[in-house]
Amino acid sequence: MLSLVDTTVDGLVLHGYHYKLDLAFDNVLKWYRLLEDGRFNQIEKIDLGYRMFTINAPKNADLSIKVDVIQAISDFLKEDPYEDVSEAENQPNNGGSSSKNFSFEKDAGVIWASFFQYYHIDLENEIGKLHWDKFTALLYNLPSKSQFKQIIDIRGKDLSKIDNADEKANIQMLQVRYSLQEKQNVEQLNQSMGGMFDALWDEAKK
């Protein structure tokens, strides 16, 4: 997460080795896209992720090392200064009003437009440069009136608490329009990584 007194994270030390990392926002988004890609199995995803994120790492590392590195990076990506991780992992995710009820892939256009409208930042010009921590700080602090935040709000509305029939019908229509597929939102992808690492640890021990 972003700090006002420390520089952004650009590496990690694991098993006595200092890994230099590429944590530009677009590289992280490629990782999230890879997680959704059914063409690759879990081991292939770990191997691709290892090569995507590490700049100076040994390419012939054992699977267990790669799992450790990607797990450490994933833990970093999931950090939230306003969330108790231990409690969050025990909370069932129903796709409700979570601030992470969005998809980097499906919502790409509205994220780009919101950054351009409120920050005057063209994200295409920031590819390879804007650090993940800075990107997420900007993303999560977009104003509530931004289209991005309004879509998240629509997805999380409880129709049973809306009495006006016209308003309920309108919200229901918008929820269908902006609906996400199963495991498509960021929170669900983050949670799915835990199971993937457990399975790969078993595989690495064989």
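Accessible areas here come from the Shrake-Rupley method with a 1.4 Å probe. The model is predicted.

**Exercise 1. The whole chain**

Task: State how much surface the chain exposes and what share carbon and sulfur atoms supply. Then describe the fold in outline.

Solution:
- Step 1. The chain exposes about 12200 Å². Carbon and sulfur atoms supply 49% of that area.
- Step 2. Turn to burial. Of the 206 residues in the chain, 37% are buried.
- Step 3. List the elements. There are nine helices and two strands. Read from the N terminus, the order is β-β-α-α-α-α-α-α-α-α-α.
- Step 4. Check the contacts with a separation of 6 or more. Residues 24 or more positions apart account for 69% of them.

**Exercise 2. Helix α5 against α7**

Task: Find the angle between α5 and α7, and classify the packing.

Solution:
- Step 1. Locate the helices. Helix α5 covers residues 108-119, and α7 spans 147-156.
- Step 2. Take the geometry. The two axes lie 8 Å apart, at an angle of about 135 degrees.
- Step 3. Classify. Angles over 145 degrees count as roughly antiparallel, and 65 to 115 as roughly perpendicular. The angle fits neither class, so α5 is oblique to α7.
- Step 4. Name the residues. V110, I111 and S114 of α5 meet Q147, F148 and I151 of α7.
- Step 5. Sort them by class. Four are nonpolar, two are polar and none is charged.

**Exercise 3. Helix α5 against α6**

Task: Repeat the analysis for α5 and α6: at what angle do the axes cross?

Solution:
- Step 1. Helix α6 spans residues 132-140.
- Step 2. The axes of α5 and α6 cross at roughly 80 degrees and come within 11 Å.
- Step 3. The range for roughly perpendicular is 65 to 115 degrees. Therefore α5 is roughly perpendicular to α6.
- Step 4. On the α5 side stand I111, F115 and Y119; on the α6 side, F135, L138 and L139.
- Step 5. By class, this contact has six nonpolar residues, no polar ones and no charged ones.
- Step 6. Note I111. This residue meets α7 and also takes part in the contact with α6.

**Exercise 4. Two loop residues**

Task: Decide whether S146 is buried or exposed, and find what S146 touches. Then do the burial check for F102.

Solution:
- Step 1. Place S146. This serine sits in the loop between α6 and α7.
- Step 2. Apply the cut-off. Buried means under 20% relative accessible area. S146 has 0%, so S146 is buried.
- Step 3. Look for a polar partner. The S146 side chain reaches the backbone oxygen of P143 at 2.7 Å.
- Step 4. Leave out residues up to four places away in sequence. S146 then touches S114 and Y118.
- Step 5. Move to F102, in the loop between α4 (85-88) and α5. Its relative accessibility is 0%, so F102 is buried too.
- Step 6. Compare sequence with space. F102 and I152 are 50 residues apart in sequence, yet 6.5 Å apart in space, C-alpha to C-alpha.

**Exercise 5. Positive phi**

Task: Where do H15 and H120 lie, and are they buried or exposed?

Solution:
- Step 1. H15 is not a glycine, but has a positive phi of about 55 degrees. H120 is not a glycine either, and its positive phi is also about 55 degrees.
- Step 2. H15 lies in the loop between β1 (11-14) and β2 (17-20). H120 lies in the loop between α5 and α6.
- Step 3. Exposed means over 50%. H15 has a relative accessible area of 54%, so H15 is exposed. H120 has 68%, so H120 is exposed.

Notes:
Residues are numbered from 1 along each chain as its sequence is written. This is a predicted model: local features need pLDDT of at least 70, side-chain atom pairs count only at pLDDT 80 or more; totals for chains, interfaces and linings use all residues. Side-chain values use heavy atoms; hydrogens and water are left out. Helices (H or I, at least four residues) and strands (E, at least two) are DSSP runs, numbered from the N terminus. Buried means under 20% relative accessible area, exposed over 50%, partly exposed in between (1.4 Å probe, protein chains only). Contact means heavy atoms within 4.5 Å. A polar contact is a pair of N or O atoms within 3.5 Å; within protein, one must be able to donate a hydrogen and the other to accept it, and residues adjacent in sequence count only if both atoms are side-chain atoms. Axes are lines fitted to C-alpha atoms, for helices over the stretch in contact, and angles run from 0 to 180 degrees between N-to-C directions. Angles under 35 degrees count as roughly parallel, over 145 as roughly antiparallel, 65 to 115 as roughly perpendicular and the rest as oblique. Ala, Val, Leu, Ile, Met, Phe, Trp, Tyr, Cys and Pro count as nonpolar, Asp, Glu, Lys and Arg as charged, and the others, Gly among them, as polar.
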